Amino acid sequence: MSATEPAASVASDGFDRRRELQAFDDTKAGVKGLVDAGVTAIPAIFRHAPESLEATSSPPPTDVVAAGIIIPVIDLAAAPRGEVANQMKRAAETVGFFQVTNHGVPRERMAGVLAGVRRFNEQPAEVKRRFYTRDTARKVRFSSNYDLFQSKAANWRDTLFCELAPDPPRPEELPEAVRDVMLEYGDAATKLALWVLELLSESLGLGSDHLRQMGCAQSLNVASHYYPPCPEPHLTLGTSRHADATFVTVLLQDMGGLQVLLDRRGWVDVPPLPGALIVNIGDFLQLVSNGRFRSVEHRVLANKSRDTPRVSVACFFNADTKRSTRLYGPITDGSDPPLYKSVTAREFVAYSYSKGLDGRPLEHFRLGAEEHYS
Ligand code: OGA
Ligand code: NI
């Protein structure tokens with residue numbers, strides 16, 4: 001993957017950003033390594049511009065309560081199927097995020113993978129170092145900030161990335177701390193994703209199998225994030241503002257910190273709901289649904305707690321971005337003009353990655369007004 005050099009790598013104060021990034025990366029110990037070394041101030045590479053930190057102060061408790069209503073909670077087992085599909089449609093068309101309960105993923109698997117990820121990150125640095133790489137040919141890679149050398153500012157987070165489908169890693173390739181739990185959780189999350197895709201297909205008026213048949217869940221990449229406590233959480237972020245370059249994402253979080261950017265309300269917390277999972281629409285599903293379903297930007301605040309790390313596990317479901325040559329374009333019934341160009345999953349993901357976390361790659365594929373009618 002080609003790393004785009006930041007335009008100005010040497011700031012006017014003489015701070016050599018590129019060198020600092022390299023020195024940090026060379027430690028292979030991530031943000032956790034800095035915390036273990038006892039830093040009381042965040043290094044300059046982690047400082048974000050004031051505009052990307054806006055409204056990072058904790059909202060009053062009433063807002064948190066309201067957020068529970070703003071981000072819909074859908075009980076997958078409660079209502080008749082058609083009603084559940086309707087609830088999901090409304091959520092997908094408006095906030096692009098919802099939480100699901102009675103989702104079929106066993107609690108032990110959720111707790112198991114969270115504990116495994118924590119265990120992995122809290123092992124001695126020498127053990128983790130063996131997995132530290134930016135080589136995308138490796139299916140299992142640990143790093144701090146996968147866009148470290150592309151982004152404007154680094155995030156207070158370390159990530160273990162595992163490509164589980166369509167070609168699962170050999171069990172020995174997975175760190176022992178997560179070996180069984182990762183594969184078990186991945187299987188359960190896949191069942192849920194397929195269920196969600198059925199309901200979303202139905203809510204678009206398509207056959208239940210439509211999105212699955214298109215290959216929307218052919219690949220599964222799992223990003224397991226570890227957000228160590230941050231000594232200056234008001235100056236940085238846990239994950240920068242971004243939208244997911246997926247069809248659909250299933251996210252497990254163990255504590256708050258995730259925020260969604262809503263049109264009229266600004267940044268809204270997604271409150272942790274014990275036992276629930278978060279589902280969000282990715283860019284590719286926005287494209288394929290011709291803009292009916294929305295891929296909404298989100299971010300994670302830097303961990304403000306004194307001594308508890310935040311752990312989250314994001315399952316990214318997508319087409320087979322390595323092999324599929326299929327062109328994905330908007331599904332329309334002919335009455336609404338297509339809003340986006342058709343693109344292969346590979347091209348879309350490559351373009352998104354080249355932009356790093358900040359930016360809206362989907363806009364690059366939007367058809368101009370003149371092209372709609374040509
Ligand atoms: C992501 C993401 C949120 C979280 O990995 O794309 O948005 O809570 N993660 O870690
Ligand atoms: Ni995301």
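Me: What makes carbon and sulfur atoms count toward the area that the protein exposes?

Reply: Accessible area here comes from the Shrake-Rupley method with a 1.4 Å probe. In this predicted model, the protein exposes about 16,700 Å² by that reckoning, and carbon and sulfur atoms supply 52% of it.

Me: How do you know that ligand 1 is covered by the protein, and what share of its area is involved?

Reply: One can begin with the polar atoms: a polar side-chain atom of His225 lies 2.7 Å from an oxygen atom of ligand 1, while an N or O atom in the side chain of His242 is 3.0 Å from an oxygen atom of the ligand, and the side chain of His298 likewise places an N or O atom 3.0 Å from a ligand oxygen. The protein covers 97% of the 290 Å² of accessible area that ligand 1 has on its own.

Me: Why is the pair formed by His225 and ligand 1 called a polar contact?

Reply: A polar contact requires a pair of N or O atoms within 3.5 Å, and the polar side-chain atom of His225 lies 2.7 Å from a ligand oxygen, so the pair meets the cut-off.

Me: What makes Asp244 and Arg310 charged members of the shell around ligand 1?

Reply: Both residues are around ligand 1, and because Asp and Arg are counted as charged, they belong to the class that has 2 residues in a shell with 5 nonpolar and 4 polar ones.

Me: Which strand supplies the largest share of that shell?

Reply: Strands E5 (219-227), E11 (298-301) and E12 (310-318) each supply at least two residues, and the largest share, 4 residues, comes from E12.

Notes:
Residues are numbered from 1 along each chain as its sequence is written. Chains are lettered from A and ligands numbered from 1 in the order in which they are written. This is a predicted model: local features need pLDDT of at least 70, side-chain atom pairs count only at pLDDT 80 or more; totals for chains, interfaces and linings use all residues. Side-chain values use heavy atoms; hydrogens and water are left out. A residue is near a molecule or strand if one of its heavy atoms lies within 4 Å of it. A polar contact is a pair of N or O atoms within 3.5 Å; within protein, one must be able to donate a hydrogen and the other to accept it, and residues adjacent in sequence count only if both atoms are side-chain atoms.
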